[in-house]
Amino acid sequence: MRRGEGIVGLGEVVRIETSGAHRVEDAAAAWTSLAELARIDDRVGLPGTGLVAFGAFAFADESEATSVLIVPELVMGRRDGRAWVTRISLDTGDDEATDASGSAEVALPEPAPKRQVPRVAFTPGSVPPEAYEAAVAEAVRRIDAGELEKVVLARQLVGELHEDAGLRATINRLAEDYPDTWVFAVDGLIGASPETLVRVDHGTVSARVLAGTASRGAGEASDRERALALAASEKDRAEHALAVQSAVKRLAPHTARLDTSPEPFTLQLPNLWHLATDLKGTLGDGSSSLDLVRAVHPTAAVAGTPRRVALPVIAELEGFDRGRYAGPVGWIDGGGDGEWAIALRCAQVDADGTVTAFAGCGIVHDSVPADELAETVMKFRPIVEAFGG
């Protein structure tokens, strides 16, 4: 969901699970095969109608986390003032084709009464604050030694969910507090990401790159000053440029044309400012949204530059499995179109009630460990507050 628009799925008809270095490629192939068998009756024709699957993918090739595509039984959607319901079922015939026969417009019901937000008390995970600062200092040392230009380092907060009320109230709070983000909930991964990894809609491809962060000011004047300082910061602009270059390099081969914002702009969120650049182009090779996810993930905004050097540095200095944090999360339709965000400002909720939240920062040559730690605190805020903190 974003700005009150999007799709919500209920139930599970088909589940595709993949892992390893080819997890996105294998999921894309399985989805293409499934979609080719489907009989689809789509009377609405908007993004997110017809046959769709919701997906969440592990960040790293070596991750123990399973990557998933889930086809729901029922999809409720809202876009451009129109609402619809899609029903999906397995055919009882010999071919077992998936039949997404119900994309029809409906009137929206009245919202159900709000539930209480379940409360979770978070404590530092496997990397306590002092260890995170030490990891940042070591990353800066390696950057200054010329081993790499940038690396993104994350840390965890861990809590336990005791309430049986479910996560709907938590997800609703994220949607209400952060309406300009992509609010997602897929297989226990929930969050409110400000960053679009890639979106494909009838031959048009778009993305939003974020890198460079500043806290919000206490008042209007202070807030404006911090936004201007971020826009003028050499450190943040250099970090942002690396992320944009990475995205353009990996998307360009798949597009007939690709344009970027002439200058980074400051994106205002309730708890911080980001430097942002929008990319938009025309698809040139018929790639699906998952094909482009495979091409661009992981971006420099969540991994580093050069990527082949940054990834092993992340594994060494972070010291934990990111799971699906900073991985692709979104949806794909039967034609290959879809919307994929980067799983940021998020937490994974396991079946035993364990809640693991993640936040990371881009480390460059003039990063200050204490400042980067403070930035993670800001980035944890959406999830901590959504769980009553």
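**Exercise 1. Phe 54**

Is Phe 54 buried or exposed in this predicted model? State also where Phe 54 lies and what surrounds this residue.

Solution.
1. Place Phe 54 in the chain: the residue belongs to strand β4, which covers residues 52-56.
2. Take the relative accessibility, which is 14% for Phe 54. Buried means under 20%, so Phe 54 counts as buried.
3. List the contacts, leaving out neighbours within four places in sequence. Phe 54 is then in contact with Ile 7, Val 8, Gly 9, Val 68, Leu 69, Ile 70, Pro 72, Val 186, Gly 330 and Trp 331.
4. Take one of these partners, Val 186. In sequence, 132 residues separate Phe 54 and Val 186, while their C-alpha atoms are 6.8 Å apart.

**Exercise 2. The chain as a whole**

Describe the chain by its secondary structure, its dimensions, its burial and its contacts.

Solution.
1. Secondary structure: the chain holds eight helices and 22 strands.
2. Dimensions: along the principal axes, the C-alpha atoms fill a box of roughly 65 × 50 × 40 Å.
3. Radius of gyration: a compact globule of 389 residues would have a value near 21 Å, and the chain has 21 Å, so the two agree.
4. Burial: of the 389 residues, 53% are buried.
5. Surface: about 16,900 Å² is exposed by the chain, and 50% of it comes from carbon and sulfur atoms.
6. Contacts: consider those between residues at least 6 apart in sequence. Of these, 72% join residues at least 24 apart.
7. Charges: the chain has 38 positive and 59 negative charges, and their mean positions are 5 Å apart.

**Exercise 3. Confidence**

What is the average pLDDT of the chain, and over which residues is the pLDDT below 50?

Solution.
1. The average pLDDT of the chain is 91, and 95% of the residues score at least 70.
2. The pLDDT is below 50 over residues 95-101. Beyond near neighbours in sequence, this stretch has 31 contacts in the model.

**Exercise 4. Ala 357 and Val 384**

Compare the settings of Ala 357 and Val 384, and find contact partners that appear in both lists.

Solution.
1. Ala 357 lies in strand β22, residues 354-363, whereas Val 384 lies in helix α8, residues 369-386.
2. The relative accessible area of Ala 357 is 1%, so this residue is buried. For Val 384 the value is 21%, so Val 384 is partly exposed.
3. Set aside residues up to four places away in sequence. Ala 357 touches Phe 122, Arg 155, Gln 156, Leu 157, Cys 346, Ala 347, Phe 380 and Ile 383. With the same exclusion, Val 384 touches Phe 122, Leu 157 and Gly 389.
4. Phe 122 and Leu 157 appear in both lists.
5. Add distances between C-alpha atoms. Ala 357 and Ile 383 are 26 residues apart along the chain and separated by 7.1 Å. Val 384 and Ala 121 are 263 residues apart along the chain and separated by 8.3 Å.

**Exercise 5. Ala 135**

Which residues does Ala 135 touch, not counting residues up to four places away in sequence?

Solution.
1. Ala 135 lies in helix α2, residues 129-144.
2. With a relative accessible area of 8%, Ala 135 is buried.
3. Outside the excluded places, Ala 135 touches Leu 153 and Leu 317.
4. For a separation, take Ala 192: along the chain Ala 135 and Ala 192 are 57 residues apart, and their C-alpha atoms are separated by 26 Å.

**Exercise 6. Backbone details in loops**

Where are Pro 298, Pro 306, His 202 and Arg 345 found, and what can be said of the backbone there?

Solution.
1. Pro 298 is in the loop between α6 (289-296) and β18 (304-305). The peptide bond joining His 297 and Pro 298 is cis, with omega about -10°.
2. Pro 306 is in the loop between β18 and α7 (307-318). A cis peptide bond also joins Thr 305 and Pro 306, with omega about -15°.
3. His 202 is in the loop between β13 (196-201) and β14 (204-215). Although His 202 is not a glycine, its phi is positive, about 50°.
4. Arg 345 is in the loop between β20 (338-342) and β21 (346-349). Its phi is near 45°, again a positive value in a residue other than glycine.
5. Finish with accessibility: His 202, at 63%, counts as exposed, whereas Arg 345, at 9%, is buried.

Terms used
Residues numbered from 1 in each chain as written. Predicted model: local features only at pLDDT ≥ 70, side-chain atom pairs only at ≥ 80, totals over all residues. Heavy atoms only, no water. Helix = DSSP H or I, 4+ residues; strand = E, 2+ residues; numbered from the N terminus. Rg over C-alpha atoms; globule rule 2.2 N^0.38 Å. Buried < 20%, exposed > 50% of the residue type's maximum accessible area, 1.4 Å probe, protein only. Contact = heavy atoms within 4.5 Å. Areas by Shrake-Rupley, 256 points an atom, 1.4 Å probe, with all protein chains shown as cover. Lys, Arg positive; Asp, Glu negative; His and termini not counted. Charge placed at Lys NZ, Arg CZ, Asp CG, Glu CD. pLDDT = per-residue confidence, 0-100.
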